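Hi everyone, thanks for making time for this. I have one model to walk you through today, so let me put it up on the screen.

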Amino acid sequence: MRRVLPLLALLAAACQPLPHPFTADMPERGATPISPPDSADIVVAPVAGAPKAMGEALAAALCDADI
């Protein structure tokens, strides 16, 4: 056991300095946090199985609806 402890200490010392792979990605101190945008885009596709004109009209009506 007495022989193992110094070897473990040397092994632990050999691991220095520890790598910090994400240090460059860290925000600066005092930086404002990331906030989501105030709006989002939504895509409304024409209704499948309906006639083309009807499907496009229904998709347009859904886009214009204030739900």
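Let me start with a question for you: is S39 buried or exposed? Have a look before I tell you. Keep in mind that this is a predicted model.

Right, S39 is exposed, because its relative accessible area is 56%, and the cut-off for that class is over 50%. As for its setting, S39 is found in the loop between α1 and α2. From there to A53 you count 14 residues in sequence, and the C-alpha atoms of S39 and A53 are 29 Å apart in space.

Staying in that loop, let's go to G49, which also has its place between α1 and α2, the latter covering 52-64. G49 counts as exposed as well, with a relative accessibility of 85%. Now pair G49 with L8: they are separated by 41 residues in sequence, and by 71 Å from C-alpha to C-alpha.

Let's step back to the whole chain. The protein has 2 helices and 0 strands. Its radius of gyration is 30 Å, well over the 11 Å that the globule rule gives for 67 residues, so the protein is more spread out than a compact globule. If you prefer a box, the C-alpha atoms fill one of roughly 85 × 35 × 20 Å along the principal axes.

What about burial? Of the 67 residues, 3% count as buried. The accessible surface of the protein comes to about 6,900 Å², and carbon and sulfur atoms account for 66% of that.

For those of you who like electrostatics, here are the charges. There are 4 positive and 7 negative side chains in the protein, and 38 Å lies between the centres of the two sets.

Now over to helix α1, which spans residues 4-14 and contains L5. V4 lies in α1 too. V4 is partly exposed, since its relative accessible area is 41%, and that class sits between 20% and 50%. Between V4 and P19 there are 26 Å in space, C-alpha to C-alpha, for a separation of 15 residues in sequence.

One last question: which residues form a nonpolar patch on the surface? They are M1, V4, L5, L8 and L11, and together they have about 540 Å² of accessible area. So V4 and L5, which we just met in α1, turn up again in that patch.

That's my tour, and I'm happy to take questions.

How values were computed: Residues are numbered from 1 along each chain as its sequence is written. This is a predicted model: local features need pLDDT of at least 70, side-chain atom pairs count only at pLDDT 80 or more; totals for chains, interfaces and linings use all residues. Side-chain values use heavy atoms; hydrogens and water are left out. Patches are made of residues with over 30% relative accessible area and no salt bridge: like charges are joined within 9 Å, nonpolar side chains (Val, Leu, Ile, Met, Phe, Trp, Tyr) within 5 Å. Accessible areas come from the Shrake-Rupley method with a 1.4 Å probe; for residues, only the protein chains shown count as cover. A salt bridge is a side-chain nitrogen of Lys or Arg within 4 Å of a carboxyl oxygen of Asp or Glu. Helices (H or I, at least four residues) and strands (E, at least two) are DSSP runs, numbered from the N terminus. The radius of gyration is taken over C-alpha atoms; the globule rule is 2.2 Å times the number of residues to the power 0.38. Buried means under 20% relative accessible area, exposed over 50%, partly exposed in between (1.4 Å probe, protein chains only). Lys and Arg count as positive and Asp and Glu as negative; His and the chain ends are not counted. The place of a charge is taken as NZ of Lys, CZ of Arg, CG of Asp or CD of Glu.
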